[in-house]
Every structure is written in structure tokens, then in C-alpha cells.
2 protein chains.
Amino acid sequence: MNPVEEYPFIVQPFEVDFRGKLTFPLLVNKLLNAAGHHADNRGFGMRDINKVNRSWVLFKISLDLTRCPKEREEIKVETWIEGLLRTFTQRNFAISDMEGNALGYARTVWAMIDTETRRPVNLMEYGIDQFIHQKDCPVEKGGKIALIDDVEAQESFTIKYSDVDINQHLNSAKYVEHIFDAFTLDEIKRHNLIKRFEIEYVEECRYGENVYIYKKEVEPHDFIIILKKENGSVACKSRILFSE
Amino acid sequence: MNPVEEYPFIVQPFEVDFRGKLTFPLLVNKLLNAAGHHADNRGFGMRDINKVNRSWVLFKISLDLTRCPKEREEIKVETWIEGLLRTFTQRNFAISDMEGNALGYARTVWAMIDTETRRPVNLMEYGIDQFIHQKDCPVEKGGKIALIDDVEAQESFTIKYSDVDINQHLNSAKYVEHIFDAFTLDEIKRHNLIKRFEIEYVEECRYGENVYIYKKEVEPHDFIIILKKENGSVACKSRILFSE
């Protein structure tokens, strides 16, 4: 089986934002769905590992974008496993239009956990190594995202029905939606493009929890957004770099 | 061109709720996207009419469901125009699995408006009549949804980036998401199925507006949900009937 798989999709009318472009949270959603299918088709997806009390946990996304897909455009996402360590695996993505022009690339880091002990398991037993593949994926290496301790919470939200996955946790794509909802349309309009997006998932958030959003423009066009739980612990750290 | 068109889709991992079923708001989203493609392909979709300062406005959805699509299931939505009046058109939907078993049916009512005057235009000029088609669509005729004046607002939300369409209005599918988010997981878990969903769109909601949610179980398993704007005017009325 080919280590790289391709997932085409058409940007639907109800998937675009006020600019007529695919909303950024939904772009991330498309990547995660591609990852799900790729893993399922190779026997190490949620479908199979859930049966033996295992689950994938996403730790990090780094995404560089040169153009945002627009309404009705046909786009393809390619995904493959670049590397495998005992408790981590790196999955990459290429996003392109149907003429083969690159729109962006992403790198993600995952672990598999035992759903009872919540501890990472040894990834060497799942036959993932046979699919490891090297392919161009020019995403700048991001450093650790800094905490921002000198700002007040901008707003908060409560985790609801449409936010949660089958484990009743805030789903990975919905973190991104809440992060982007912390920006006004004017802030998004001022910039042409989201050039870079990074997120580090730190702690799971459960249904009904209140989550607080902290946001700061640390350099011009460069934002850090932190989600914190009621008790002050960090749920995720994120960075958005807009073009000028 | 065939008056009925068929849109298949696969329920994606990040489209399911805590029960592993397609979230109801996303089911509505799939219907609206099918409507968009069907109209675009026949020359009276947003793509063409926006160029002449026209826009479709959705007035009403009535949906009867017998089963909810589950994760990874392949589903198809068929849509067609059942009727056309001077200022209204009725579009129907059939939802079924790949073996052809019906999962549900929906009826919707639309008008086309002039985006400058906000007034309905004469639908007879758009060649829609040639696609009128009769096909079985067993959806119970719902009455007017009653207002509920004896309850306090349960909660409120502010309209954000991911809520709005290209006109910076709350998009029709996002109304449904906010309505379902007014239910706890326990309320949804207590029932097997959403048997019936109705929504009447009354007034547009703009980016940045605060919207208040009123909800009441008027009969056992039968809920009315009203969204109101800051000034007290009704934005939409909705009814959800769960199975026992």
C-alpha cells in the first residue's frame, strides 16, 4: 500500500468565511480527517485501535500557508508518516490545488495512549514503520511557544455539544475554531493571509468546562493565543503569524 | 439536465459527536451545501445571482429523521425543486444510505432577495420552473412554531468569525449549531434520535451581535428553542422533537 494517500475535497458554500475563503479551522479539520482515513486504511487508525483501548493524541501542528483555498475550489491533501519514535510519530501534509500548485505544508506530532491508564504506548507494535516515507515538506521549524503572563483573559467559553468528540473532550479542530474566534473580522481583514499557524495541545478539556482565552500581539502581525482552564492550567498554546 | 441531483458524502472522524454519529448541525450543513451545488449547476445558484445583486434567503427547514448517519458511513443527499411561486420556492431533500434505505427527508422554503433593497424578487425570471420535479418526500407538515414567553433566556452567545457568511451574517447552519449547543449531553443521551427538526428563520443576525437562547420542553421530548436579539426581536424559532 502506498505510504502517501491523497484526499481531494471541494470547498463547500457553508465552509467559507466572510472573505469567501475556506475558514482556517476547517482547513485544519480537513487535515485531521485525511490523517484519520490514512491511518484507518493502514490498520492503525482509531477504528482499529479503539477496540484494544488505544487512542491517538495530537500534540502539535505547524502549518505554513502561501494561499488559502477559496469557495468551490477543488483542493487535495496528501498525508504520510515521516518518522516514528517509540512514543511519538510525525505525520506530514501537503495541500495543493488540482494543477499541483502547493498551497501549504504541515507537520504534526502524535502519540498513542492507553485509554485506561492515559499513558503513551510503544508505537513499534502497530506496523506503522513500513509506511515511513520521505517527501518534501518545507515547514519552518517552530520553537516552543512562549507563555504570555502579562495579559488578562480576553474572553471565555463553555465546552458544548458541538465541541466534543466521542470521549467528550474538546476536539482538536474545535480548539482551532475557538482560537480564531478570538480575532475580530477587522483583525483578519487587515492581513492578507495566515502565513503560519502553530498549536501545542497541552491538556484535554472536558464537556462543560470553562476555558479562558489569552491573546497578545507579541511582534507586529504575530500573535500568541493561550487557552487556560478554570484552575489556571494551560490547555493549549498557539501562534498565528499573519502576512503584512 | 436532471432535476434531481445526488450528493454522496462520507461521515468524517471530525464530524461526529460524542455518540459517534454525524452531528445534527453538520447534517443540516450537508443539505445546504447540496442545495448550493444543485442551484449553481443549474444557473440560479449564489455564484451566478450574486453577480446581479441577488441572494438566496432560507426561510424554513422541516426535517424528519428515522436514523442518524454514523462515523465513516457513506450517505447520499438528493435534492430537487418541488414548487415555485412568485416569491418563494420549495426545495426538498432525501437522505439515504448507499443501499438506498431512507434515513430522512426534508422540506425547505427559500426566497431570492435584491441585496440592495433587501426585497424579494420575482422568481419567474430565473428559469427555475424547468427543473420542478415531483418525488416522494414524506415530511409531516408542521404548523407555525409557537413563541415561548414564560421562560428566561438560558444563555447567550456573541456572533464570531466562524459563525458568519460572506455577508457577515450568522450563517444558516450555524443557527442550528447554537440551537443544539443549548442541550446538555445528558438531554441528548436520554433520547435515541432527533425525530423531527423545524426552524423558521425570522431575522438576520450580524457579526458582533449578542443572541439570547430561550428553550422549553413544551411536551415530553418536544422542545421549542427561540433565538432573540439584544433588542428582543426574534431571530429564529425552532422545534426539536426527540424520540422517547
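Which rotation, and what shift along its axis, superposes chain A on chain B?

**Figure 1. The two chains of the predicted model and the axis that relates them.** In this predicted model, a rotation of 180 degrees with 0.0 Å of shift along its axis places chain A on chain B, and the superposition has an RMSD of 0.0 Å. That is the relation of a two-fold axis. Among the residues of chain A, Phe157(A) is the one that comes closest to the rotation axis, with its C-alpha at 4.6 Å. Because 100% of the interface residues of chain A are also interface residues in chain B, the copies meet through the same surface.

**Figure 2. The interface between chain A and chain B, viewed as area and contacts.** Here 42 residues of chain A are in contact with 42 residues of chain B, and the area buried between the two chains is about 3600 Å², of which carbon and sulfur atoms give 55%. On the side of chain A, the residues that lose the most area to chain B are Phe14(A), Arg72(A) and Tyr161(A), which together make up 24% of what that side buries.

**Figure 3. Polar contacts and salt bridges across the interface of chain A and chain B.** The rule finds six salt bridges across this interface, and it also finds 20 residue pairs in polar contact, counting pairs in which both residues have pLDDT 80 or more. In one salt bridge, the side chain of Lys174(A) meets the side chain of Glu177(B), with an N to O distance of 2.9 Å. The elements that give two or more residues to the side of chain A that touches chain B are α1, α2 (46-49), α3 (172-180) and α4 (185-189) of chain A, and α1(A) gives the most, with eight residues. The residues of that side of chain A divide into 18 nonpolar, twelve polar and twelve charged.

**Figure 4. Helix α3 of chain B and the cap at its N-terminal end.** Helix α3 of chain B, which spans residues 172-180, is mostly covered, in that nine of its nine residues are buried; among them are Lys174(B), Glu177(B) and His178(B), as well as Val176(B), Ile179(B) and Phe180(B). At the N-terminal end of α3(B), Asn171(B) acts as the cap, with a side-chain oxygen lying 2.9 Å from the backbone nitrogen of Ala173(B).

**Figure 5. The surroundings of Thr108(B) in strand β5 of chain B.** Thr108(B) is found in strand β5, which covers residues 102-114 of chain B, and it counts as buried because its relative accessibility is 1%, where the cut-off for buried is under 20%. The side chain of Thr108(B) reaches the backbone oxygen of Arg91(B) at 2.7 Å, and it also makes a polar contact with the side chain of Trp110(B) at 2.8 Å. When residues up to four places away in sequence are not counted, Thr108(B) touches Leu58(B), Lys60(B) and Ile61(B), together with Thr89(B), Gln90(B), Arg91(B), Asn92(B) and Phe93(B).

**Figure 6. The surroundings of Ala34(A) in helix α1 of chain A.** Ala34(A) is found in helix α1, which covers residues 24-41 of chain A, and with 2% relative accessibility Ala34(A) counts as buried. Not counting residues up to four places away in sequence, Ala34(A) touches Tyr7(A), Val77(A) and Thr79(A). Val11(A) is 23 residues apart from Ala34(A) in sequence, and the two are 15 Å apart in space, C-alpha to C-alpha.

Note on methods. Residues are numbered from 1 along each chain as its sequence is written. Chains are lettered from A and ligands numbered from 1 in the order in which they are written. This is a predicted model: local features need pLDDT of at least 70, side-chain atom pairs count only at pLDDT 80 or more; totals for chains, interfaces and linings use all residues. Side-chain values use heavy atoms; hydrogens and water are left out. Helices (H or I, at least four residues) and strands (E, at least two) are DSSP runs, numbered from the N terminus. Buried means under 20% relative accessible area, exposed over 50%, partly exposed in between (1.4 Å probe, protein chains only). A polar contact is a pair of N or O atoms within 3.5 Å; within protein, one must be able to donate a hydrogen and the other to accept it, and residues adjacent in sequence count only if both atoms are side-chain atoms. Contact means heavy atoms within 4.5 Å. Buried area is the accessible area (1.4 Å probe) that two parts lose on being put together, summed over both. A salt bridge is a side-chain nitrogen of Lys or Arg within 4 Å of a carboxyl oxygen of Asp or Glu. Ala, Val, Leu, Ile, Met, Phe, Trp, Tyr, Cys and Pro count as nonpolar, Asp, Glu, Lys and Arg as charged, and the others, Gly among them, as polar. Copies are superposed by least squares on the C-alpha atoms of residues with pLDDT of at least 70 in both.
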